[in-house]
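Please read the following account alongside the sequence and the coordinates, following each residue in the model as it is named. The path goes from charged pairs to pockets, and then to a few single residues.

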Amino acid sequence: MEEIKMLMENLHLSKEASNLLMTAINKPQEMEQEQLEKLSNILVAKGTSVVKLDRSAAQLCSEVCHAETLRNEDKLFRSFLLTNLQAKYKKHVASDYVDEESWLHLVGFLCAIFDLLRVNNMPLMALLNPVISALLTLAEPKYAKNEKAIQCLVRQLQFIGEDLDRLNKKKIDQLFEKLDICFLSCESTQLSRLFMLEIIELRCGGWKLSQSAFDYYYKN
């Protein structure tokens, strides 16, 4: 419960939102459909607003879904959550990702949900293809000089790259082929190349960095 309180503080939830969340976790049978939809909207809005909040919001979504499952409640919150994510995803695709910052925030939250919301100790398979497709967009040549986009891509792969590689190696091979092209692009910045080099080395090492590589990237 202390962890949940810390996550709530990270998100700066209002008193009403905090009460909804605690009821959803502790007494899901008392939640009305409208309240669950409202809570889903709140957490998605928080999770897609600032990069550093994506995993906190995703963890709270996971706690609500877990509470529903434990008490054999209808998976209404999960349904609202996925519907919300799908709508935002389609909106960005339709606009050709014109709102770049908002797209990066959505990618981060989508990947955090994939990582943290588990069913039978497995990620939600319904999110597998959308997650991979989202990450593939960030490996396009137009993002080669965009340090925020490359950092976002690498950050997500650090968390879920191993799972994605296991579940769809063919697509992840394609992703890393795109990364190789970005790495060699004359438009890539030195910092972007450093990010990409780290994730390439991480995958080559079976998704584990050697001690020397860790020291190089994080201590020097």
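**Salt bridges, pockets and cysteines**

With a relative accessibility of 26%, Asp-173 counts as partly exposed in this model, which is a predicted one. Its side chain meets that of Lys-169 in a salt bridge, with 3.1 Å from N to O. Both residues belong to helix H9, which covers residues 169-184, and because they are 4 residues apart there, about one helical turn separates them.

A salt bridge within a helix is also found in H8, where Asp-163 pairs with Arg-166. The closest N and O atoms of Asp-163 and Arg-166 are 2.7 Å apart, and the two positions, 3 residues apart, are separated by about one turn of the helix. Asp-163 is buried, its relative accessible area being 14%. Asp-163 and Arg-166 also belong to a network, built from salt bridges that share partners, in which Arg-55, Asp-115 and Arg-118 take part as well.

What does the pair formed by Asp-165 and Arg-203 tie together? Asp-165 forms a salt bridge with Arg-203, and the closest N and O atoms of this pair are 2.9 Å apart. Since Asp-165 lies in helix H8 and Arg-203 in helix H10, the pair ties together parts that are 38 residues apart in sequence. Asp-165 and Arg-203 are both buried. Over the structure, the count of salt bridges comes to 10.

Helices H8 and H10 come up again in the largest pocket, which holds about 390 Å³ of space. This pocket is lined by 20 residues, of which Lys-148, Gln-151, Cys-152, Arg-155 and Phe-195 are the closest to its centre. Helix H6 (100-116), helix H8 (147-167), helix H10 (190-204) and helix H11 (211-218) each give at least two residues to the lining, and the largest share, 7 residues, comes from H8. Sorted by class, the lining of the largest pocket has 9 nonpolar, 6 polar and 5 charged residues.

The second largest pocket has about 190 Å³ of space. Its lining consists of Thr-48, Lys-88, Lys-91, His-92, Ser-95, Val-98, Asp-99, Ser-102 and Leu-106. Two or more of these residues come from each of helix H5 (76-94) and H6, with H5 supplying the largest share, 3 residues. In terms of class, the lining of the second largest pocket has 2 nonpolar, 4 polar and 3 charged residues.

Helix H5 also contains Leu-85, a residue that is buried with a relative accessible area of 3%. Which residues is Leu-85 in contact with, leaving aside its neighbours within four places in sequence? The contacts of Leu-85, counted in that way, are with Leu-106, Phe-109, Leu-110 and Ile-113. One of these contacts, Leu-106, is also in the lining of the second largest pocket. Leu-175 is 90 residues from Leu-85 in sequence, and the C-alpha atoms of the two are 22 Å apart in space.

Cys-152, one of the residues closest to the centre of the largest pocket, leads on to the cysteines. Why does Cys-152 form no bond with the closest cysteine sulfur? The sulfur of Cys-152 is 6.9 Å from that closest sulfur, in Cys-111, and this is too far for a bond, the cut-off for a disulfide being sulfur atoms within 2.5 Å. Cys-186 is likewise in no disulfide, as the nearest cysteine sulfur, that of Cys-182, is 12 Å away. A search of the whole structure finds 0 disulfides. As for their surroundings, Cys-152 counts as buried at 10% relative accessibility, whereas Cys-186 is exposed, with a relative accessible area of 75%.

The final stop is Ser-185, which is found in the loop between H9 and H10. Is Ser-185 buried or exposed? At 19% relative accessibility, Ser-185 counts as buried, the cut-off for that class being under 20%. Not counting residues up to four places away in sequence, Ser-185 touches Ala-144 and Arg-193.

Technical notes: Residues numbered from 1 in each chain as written. Predicted model: local features only at pLDDT ≥ 70, side-chain atom pairs only at ≥ 80, totals over all residues. Heavy atoms only, no water. Buried < 20%, exposed > 50% of the residue type's maximum accessible area, 1.4 Å probe, protein only. 1 Å grid on protein atoms, 1.4 Å probe; cavity = no way out; pocket = protein on both sides within 12 Å on 5 of 7 lines; lining within 4 Å. Points joined across faces, edges and corners; volume = space filled by probe spheres on them. Nonpolar A, V, L, I, M, F, W, Y, C, P; charged D, E, K, R; others polar. Contact = heavy atoms within 4.5 Å. Salt bridge = Lys/Arg side-chain N within 4 Å of Asp/Glu carboxyl O.
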